[in-house]
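Please load the model in your viewer and keep a selection panel open, since the tour moves from one selection to the next.

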Amino acid sequence: MTSRFLFPHYCKRIGWAILIPGLVLGYFSFFRNYNIPGFSTSRIRANNPNVIDVQQFTNSLALALVIAGAMLVAFAKEKIEDELTTRIRHNALYWSILINYSLCTVLIIAAIIKGDVFYDYHNILGSFGYIAVIAIYNLFSVLIIFLLRYHYLLYSKMGQYKLGGLSFLPYYPYRVVSKWATRILFVPAALTYTNWPLPYSSEIIAVLSLSLLVWVFSRQKREDEMISTIRMESMQLAIYFVYGFLLLSDFFIYGNAFFYIMMFNLVGAEAFFLIRFHFAYNKLLKDTRE
Amino acid sequence: MKNTLRIERAIKNITQGDLAELIGVSRQTINTIESNKYVPSTVLALKIARVFGKQVEEIFILEEGD
């Protein structure tokens with residue numbers, strides 16, 4: 001079985017040609033405060049004519065290039081695409097999602113121990129607070145980890161592919177507990193970003209982030225090859241969904257609204273995965289009922 | 001699971017690259033299967049058996065503990 005939903009092989013080259021300038025531009029834009037001259041709009045603030053709001057587009061452009069480039073490289077067919085390259089792609093996907101969201105969870109917990117997730121650490125990226133720094137890296141980190149792992153598996157062994165196994169947590173207690181924890185905490189966590197935040201919102205977000213991760217990476221009651229296939233396909237579609245959405249938001253949404261998109265993105269891939277996985281799983285159950 | 005792919009290839013006198021081309025996979029894939037790192041799908045196993053004109057069980061053999 002070879003992967004569905006892949007770009008043609010020539011897209012890989014186009015992808016690299018977009019990704020590398022994007023990474024360079026991104027570095028200069030975020031760490032050296034570089035802005036392409038004239039690539040901005042200025043508007044006089046409505047309630048205070050002495051203030052001019054300037055919106056720079058350089059960082060948006062860098063993000064768009066990085067996302068589009070990395071997606072093309074990651075999901076273009078190999079020259080000879082066969083079932084083993086598909087498997088390697090799935091292994092890399094599994095790894096990148098696991099490592100990326102584990103890192104996010106650890107960083108959020110570390111921030112709580114240090115102080116507050118929403119406390120402003122006066123970082124170079126502005127006065128957003130610690131969680132926003134995590135969220136900014138999270139905009140592209142999963143794709144970068146994917147590319148590293150994928151190319152490592154493809155090329156680390158001469159004339160052979162390297163294969164890694166996938167392991168998941170057992171159904172009980174992990175899947176059972178995390179499923180309920182996620183369902184209970186989702187609404188309280190979302191309230192954090194409204195005008196009615198609950199107390200302990202940092203802790204709620206940390207626990208939610210952990211329980212989502214456990215839910216995604218724990219087995220079904222009876223996990224077989226068929227279910228594994230649905231699982232890996234859903235992970236791939238989750239990445240498509242999240243980055244398609246992010247690319248659109250990057251073009252059309254600026255300022256504070258984009259902050260909410262980034263916050264959603266901290267759980268977006270996992271949430272979409274779970275929805276797609278259970279949808280496909282239930283459909284399979286229904287179709288095969290005698 | 002083990003396989004006799006290397007022997008079958010030697011008998012038929014074809015390279016990994018030849019076999020790969022005959023069944024439409026990459027040479028690395030054949031190499032990975034030969035070194036028992038990867039268990040191919042049923043479709044791929046059937047295609048390989050067809051190239052050698054044999055039954056699948058003659059090329060792929062279950063081992064203790066599979």
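Begin by selecting residues 14-34 of chain A, where the chain is 86% helix and 0% strand and the end C-alpha atoms are 25 Å apart. The model is predicted, and the reason for choosing this span comes from a record: an unreviewed UniProt entry places the feature "transmembrane region" at residues 14-34, and also at 54-76, 92-113, 128-150, 197-217, 237-254 and 260-279 of chain A.

Next, show the side chains of A:Trp16, A:Ile20, A:Val24, A:Tyr27, A:Phe28, A:Phe31, A:Tyr34 and A:Tyr137, which form a nonpolar patch on the surface with about 750 Å² of accessible area together. Which helix gives the most to this patch? Helix H1 (residues 11-31) of chain A does, with six residues. For a general reading of such a helix, recall that an α-helix has 3.6 residues a turn, so residues three or four places apart point the same way. A:Phe31, which lies in helix H1 of chain A, has a relative accessible area of 42% and is therefore partly exposed.

Now move to residues 260-279 of chain A, another of the spans that the UniProt record marks as a transmembrane region; here the chain is 100% helix and 0% strand, with the end C-alpha atoms 26 Å apart. Extend the selection to helix H9 (residues 256-287) of chain A, whose 32 residues reach 45 Å from the first C-alpha to the last, close to the 46 Å expected at 1.5 Å a residue. Where is the kink in H9(A) centred? Centre the view on A:Val267, and you will find there a kink of about 50°.

The next stops are salt bridges, of which a search of the whole structure finds eight over all chains. Select A:Arg89 and A:Glu81, whose closest N and O atoms are 2.8 Å apart; both of these residues are buried. Then pick A:Arg231 and A:Glu223, whose side chains meet in a salt bridge at 2.7 Å, N to O, and note that A:Arg231 counts as buried because its relative accessibility is 1%.

Finally, turn to chain B and select residues 5-59, which the UniProt annotation "domain: HTH cro/C1-type" (unreviewed entry) covers; this span is 71% helix and 0% strand, and its end C-alpha atoms lie 6 Å apart. Within it, B:Arg6 forms a salt bridge with B:Glu34, the closest N and O atoms being 3.0 Å apart. The pair links distant parts of the chain, 28 residues apart, with B:Arg6 in helix H1 (residues 5-12) and B:Glu34 in helix H3 (residues 27-34) of chain B. Add B:Arg9 to the selection, and you have a network of B:Arg6, B:Arg9 and B:Glu34 joined by salt bridges that share partners.

How values were computed:
Residues are numbered from 1 along each chain as its sequence is written. Chains are lettered from A and ligands numbered from 1 in the order in which they are written. This is a predicted model: local features need pLDDT of at least 70, side-chain atom pairs count only at pLDDT 80 or more; totals for chains, interfaces and linings use all residues. Side-chain values use heavy atoms; hydrogens and water are left out. UniProt positions are given in the numbering used here, feature names are shortened, and annotations may be inferred rather than shown by experiment. Helices (H or I, at least four residues) and strands (E, at least two) are DSSP runs, numbered from the N terminus. Patches are made of residues with over 30% relative accessible area and no salt bridge: like charges are joined within 9 Å, nonpolar side chains (Val, Leu, Ile, Met, Phe, Trp, Tyr) within 5 Å. Accessible areas come from the Shrake-Rupley method with a 1.4 Å probe; for residues, only the protein chains shown count as cover. A salt bridge is a side-chain nitrogen of Lys or Arg within 4 Å of a carboxyl oxygen of Asp or Glu. Buried means under 20% relative accessible area, exposed over 50%, partly exposed in between (1.4 Å probe, protein chains only). The expected span of a helix is 1.5 Å times one less than its number of residues. The bend at a residue is the angle between axes fitted to the seven residues ending there and the seven starting there.
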